[in-house]
Each structure stands twice: as C-alpha cells, then as structure tokens.
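Open the model in your viewer and follow the stops below in order. Each stop says what to select and what is found there.

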Amino acid sequence: MNSVIQNAEERMKKSINSLDSEFNSFRTGRASASLFDKIRVDCYGQPTPLSQIASISVPEARLIVIQPWDKSLLNSIEKALLKSELSVNPNNDGRLIRINIPPLTEERRKELVKLAKNTAELSRVAIRNIRRDGIEDLKKLEKDKEISEDQLKMGQDKIQKLTDKYVADINSILDKKEHEIMEV
C-alpha cells in the first residue's frame, strides 16, 4: 500500500516540476535566463542547448547578455534566437549578444495569463489522473486480499490529501506567475 502512495506522490511531484519548467519558459516583461532553456543552437552539426555553449547573464531587469565560449558560434546563436518563439531582437557586437526585453503590452499580458491558467489546469488534470490511478491500484490490492478494507480507506484518504496538497501548490504557483506577468 505504501508503495502505491509513494508512487502517486512521486508522479505528482514530477507534474509540479513540469509546470514550474513550463512557466519558466514564459516570457514576462522581466529578463530571465530561463527564457532560453528550450533554445537549441546548431553547434558543429549538433542541436545543443544554448546554456551548454554560452553563459547567459541578466545584468539589468530588461537586458540579457549571451556570451558564447566559442566566438565562432555567435551567428548560429543569433539565428537560433531569431527562429525561436520568443520574438526577441538579438544585438550581435562580434563578442557577445545583447537582448533587450521590451515591456509586454496589456493584450499580450492577458494572453499569457490565459495560457498560464490553461497550463495550470492541465497540471491539475494530471494530478487528478494520478489520484485515480493510485486509488485503482489500492482497490486491486484490496480485491487480491493484500490489504484490508480499512487499509484501502486509509490509503484513499492519504492519496486524496496528497491530491489536495499538490492542487493547492499548482494554484499557488499560478497566482505567483499571474502576478509576475501582470507586473508593469
């Protein structure tokens, strides 16, 4: 029974981590190195994560500086940035790339909040699916006489408490992200 509950909790934690990583890739009005986590650069014929071939720093609230370890990759990095969904305008000076992050329009902020809410809802659905799977596993154990009816009830209660906790975590993460997006 404990292994079923532990498995459910691990899967719920992965859902939360996935949500966090998805939210980190959202472009808010503030500069963040995590915006570039999904950017892949053609590096010697291999698509390589940007963070593995350059240092990414945020010296100011609306400025990002990308400094490649190998200067010959500057053009490849610039191309990858221009092709990305981030809609940024890289400024290549031959040594490094500067990116000014313009403030978001009100309309774009509202779109991002809507997207954040949809992403959070998908995470809530994933948590509820994990709850359903855990409860089904517990019912199987009870049917196979490996646990008693009382243990089944206790297990179901524990899984429900985990579900409530992780749904509350999702709501908290969403509130924080909404606040960050709407911040001017």
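Select isoleucine 64 and look across to β6, where its bridge partner is isoleucine 99. The model is a predicted one. Isoleucine 99 belongs to strand β6, residues 97-100. Show the side chains of this strand: Ile97 and Ile99 point to one face and are buried, whereas Arg98 and Asn100 point to the other face and are not buried. In a regular strand, side chains alternate between the two faces of the sheet.

Next, colour the two strands that flank β6. Strand β4, residues 63-68, is joined to β6 by four bridges, and the two run antiparallel. Strand β5, residues 90-92, also runs antiparallel to β6, with three bridges between them. On this side, asparagine 92 has isoleucine 97 of β6 as its bridge partner. Follow the chain from β5 into β6: the hairpin has four residues between the strands, and glycine 94 has a positive phi near 95 degrees.

Now move to the other side of β4 and select β3. β3 and β4 pair in the antiparallel sense over five bridges. Serine 57 has valine 65 in β4 as its bridge partner. These two strands also form a hairpin, with two residues between them.

With the strands selected together, what is their order in the sheet? The four strands form an open sheet, β3-β4-β6-β5, with antiparallel pairing. β3 (54-60) and β5 are at the edges with a single partner strand each, so one side of each has no neighbour in the sheet. On average, and with direction ignored, neighbouring strands of the sheet are turned by 25 degrees against each other. Add helix α2, residues 74-83, which packs on this sheet and touches β3, β4, β5 and β6. The direction of α2 makes about 165 degrees with that of β5.

Leave the sheet for the helices. Select α1, residues 2-24, and α4, residues 149-182: they pack at an angle of about 10 degrees, with axes 10 Å apart. Angles under 35 degrees count as roughly parallel, and α1 and α4 are therefore roughly parallel to each other. To display the contact, pick residues of α1 including Ile5, Met12, Ile16, Leu19 and Phe23, and residues of α4 including Ile159, Leu162, Tyr166, Ile170 and Ile173. The residues of the contact of α1 with α4 comprise twelve nonpolar, three polar and six charged.

Keep α4 and add α3. The axes of α3 and α4 come within 10 Å and cross at roughly 170 degrees. Angles over 145 degrees count as roughly antiparallel, and α3 and α4 are therefore roughly antiparallel to each other. Their contact is made up of 15 nonpolar, seven polar and nine charged residues.

While α4 is on screen, select glutamine 156, which lies in this helix. Is it buried or exposed? Glutamine 156 is buried, with a relative accessible area of 19%, because buried means under 20%. Apart from neighbours within four places in sequence, glutamine 156 is in contact with Ile135, Leu138 and Lys139.

Now show the nonpolar cores. The largest has 28 residues, and those with the most contacts inside it are Phe23 and Leu138. α1, α3 (106-143) and α4 each supply at least two residues of this core. Centre the view on phenylalanine 23: with residues up to four places away in sequence not counted, it touches Ala116, Thr119, Ala120, Ile173, Leu174 and Lys177. A second, separate core has 21 residues, among them Ile77, Val88, Ile97 and Ile101. In soluble globular proteins, nonpolar side chains tend to be buried together.

For the last stop, select strand β1, residues 40-43. Its side chains alternate: Val41 and Cys43 point to one face and are buried, while Arg40 and Asp42 point to the other and are not. β1 pairs with strand β2, residues 46-49, in the antiparallel sense over four bridges. Across this pairing, aspartate 42 stands opposite proline 47 in β2. The hairpin of β1 and β2 has two residues between the strands, and tyrosine 44 takes a positive phi near 55 degrees there.

Note on methods: Residues numbered from 1 in each chain as written. Predicted model: local features only at pLDDT ≥ 70, side-chain atom pairs only at ≥ 80, totals over all residues. Heavy atoms only, no water. Axes fitted to C-alpha atoms, helices over the stretch in contact; angles between N-to-C directions. Parallel < 35°, antiparallel > 145°, perpendicular 65-115°, else oblique. Contact = heavy atoms within 4.5 Å. Nonpolar A, V, L, I, M, F, W, Y, C, P; charged D, E, K, R; others polar. Core = buried A, V, L, I, M, F, W, Y, C linked by side-chain atoms within 4.5 Å. Buried < 20%, exposed > 50% of the residue type's maximum accessible area, 1.4 Å probe, protein only. Pairing = 2+ DSSP bridges.
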